[in-house]
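Work through the exercises below with the model open. Each task is followed by its solution.

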Amino acid sequence: MSRDGVSFRFNSAIARLPGNSVVQGIRAEDRGAPDLSTFIEQHRRYVAALEVAGVAVTVLPALEDYPDSVFVEDAAFCLPQCSIALRPGAATRRGEAAIMAADLMDLGHSVAGLAGAGCIDGGDILLTDKTIMIGESERTDAAGIEALAVLVADWGYTVTPVETPAGVLHFKSDCCVLDSDTVLATSRLSNADYFADFDVLQVPAGEEAAANAIRVNDKVLMPEGFPATAQLLRHKGYSLVELPVTQAALLDGGLSCMSLRFNH
Ligand code: CIR
């Protein structure tokens with residue numbers, strides 16, 4: 001079933017400020033710790049860009065016990081019908097889900113939990129207008145994918161299990177929705193046949209990190225510093241907002257990870 005716009009038309013979002021502990025965030029390769037004041041400024045610009053795109057953003061306070069909690073997307077998954085508390089695959093992040101579930105309930109969401117003991121990071125969930133693609137990864141396992149598939153079936157959504165490429169943190173590190181029929185993806189994913197039902201714009205070689213972008217209403221928010229990808233998207237008619245995300249990138253994070261976006 002196609003649900004036009006469910007994957008990119010939003011009126012609300014939740015973000016969380018980075019705290020002092022963000023310097024201890026998980027990273028695959030240590031290229032230095034983020035600088036907190038620069039991170040806060042980049043986060044402020046990110047929230048402002050969401051607002052300009054037409055989204056009311058709730059910014060939650062920092063959680064010092066959870067260094068990676070600025071990456072709110074990994075703790076929950078929001079659909080118009082219900083929000084789902086996830087089970088992040090990294091042990092140091094597991095407790096973020098219960099805190100986010102309580103925050104979502106405070107904001108009036110009904111929140112369901114995953115049955116069983118499977119894990120899912122929200123970064124592996126690509127909501128499209130056709131299906132929900134979920135990448136199995138080092139953080140997301142088959143049991144977690146199945147548990148989420150059972151929950152969302154109640155609202156008529158299908159789940160398509162896929163593989164997050166080896167060495168890539170999350171499925172959405174490498175792709176994003178641009179509209180109901182179009183995705184932006186790196187060659188690692190566009191060659192994998194996952195997007196047979198979509199038109200695929202391939203991220204130019206050397207600019208793979210540009211795939212962690214987000215379509216929000218009539219804007220595409222993308223990381224700055226990727227001119228070939230920006231030119232490709234502009235040529236296709238997308239209205240871009242380029243944002244600095246150097247501090248999140250030091251922790252393998254990007255634009256999609258720093259908000260939960262939904263219609264409420
Ligand atoms: C982590 O390794 O969990 C964080 N340092 C980065 C999480 C980024 N989240 C995302 O891509 N959805």
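The exercises cover the largest pocket and the ligand.

This is a predicted model, where local features need pLDDT of at least 70 and side-chain atom pairs pLDDT 80 or more, while totals for chains, interfaces and linings use all residues. Residues are numbered from 1 along each chain as its sequence is written, and side-chain values use heavy atoms, without hydrogens and water.

**Exercise 1.** Describe the largest pocket and its lining.

*Solution.* Start with volume: the largest pocket holds about 970 Å³ of space. Its lining has 40 residues; Val168, Leu169, Ser173, Asp252 and Gly253 come closest to the centre. Now sort the lining by class: 17 residues are nonpolar, nine polar and 14 charged.

A pocket here is an open set of points on a 1 Å grid over the protein atoms alone, where a 1.4 Å probe fits, with protein on both sides within 12 Å along at least five of seven lines; lining residues have an atom within 4 Å of a point.

**Exercise 2.** Where does the ligand sit, and which residues are closest?

*Solution.* The ligand sits in the largest pocket (more than half of its atoms lie within 2 Å of the grid points). Around the ligand are 14 residues (a heavy atom within 4 Å). Ile26, Asp68, Asp74, His170 and Leu251 are the closest. By class, this shell has five nonpolar, three polar and six charged residues.

**Exercise 3.** Find side-chain atoms that approach the ligand's nitrogen and oxygen atoms.

*Solution.* Take nitrogen: a polar side-chain atom of Asp68 lies 2.8 Å from a ligand nitrogen. Then oxygen: Arg93 places a polar side-chain atom 2.8 Å from a ligand oxygen. For Arg139, a side-chain N or O atom is 2.9 Å from an oxygen atom of the ligand. Finish with cover: the protein covers 99% of the 340 Å² of accessible area that the ligand has on its own (Shrake-Rupley method, 1.4 Å probe).

Technical notes:
Points joined across faces, edges and corners; volume = space filled by probe spheres on them. Nonpolar A, V, L, I, M, F, W, Y, C, P; charged D, E, K, R; others polar. Polar contact = N/O pair within 3.5 Å; in protein donor to acceptor, adjacent residues only side chain to side chain.
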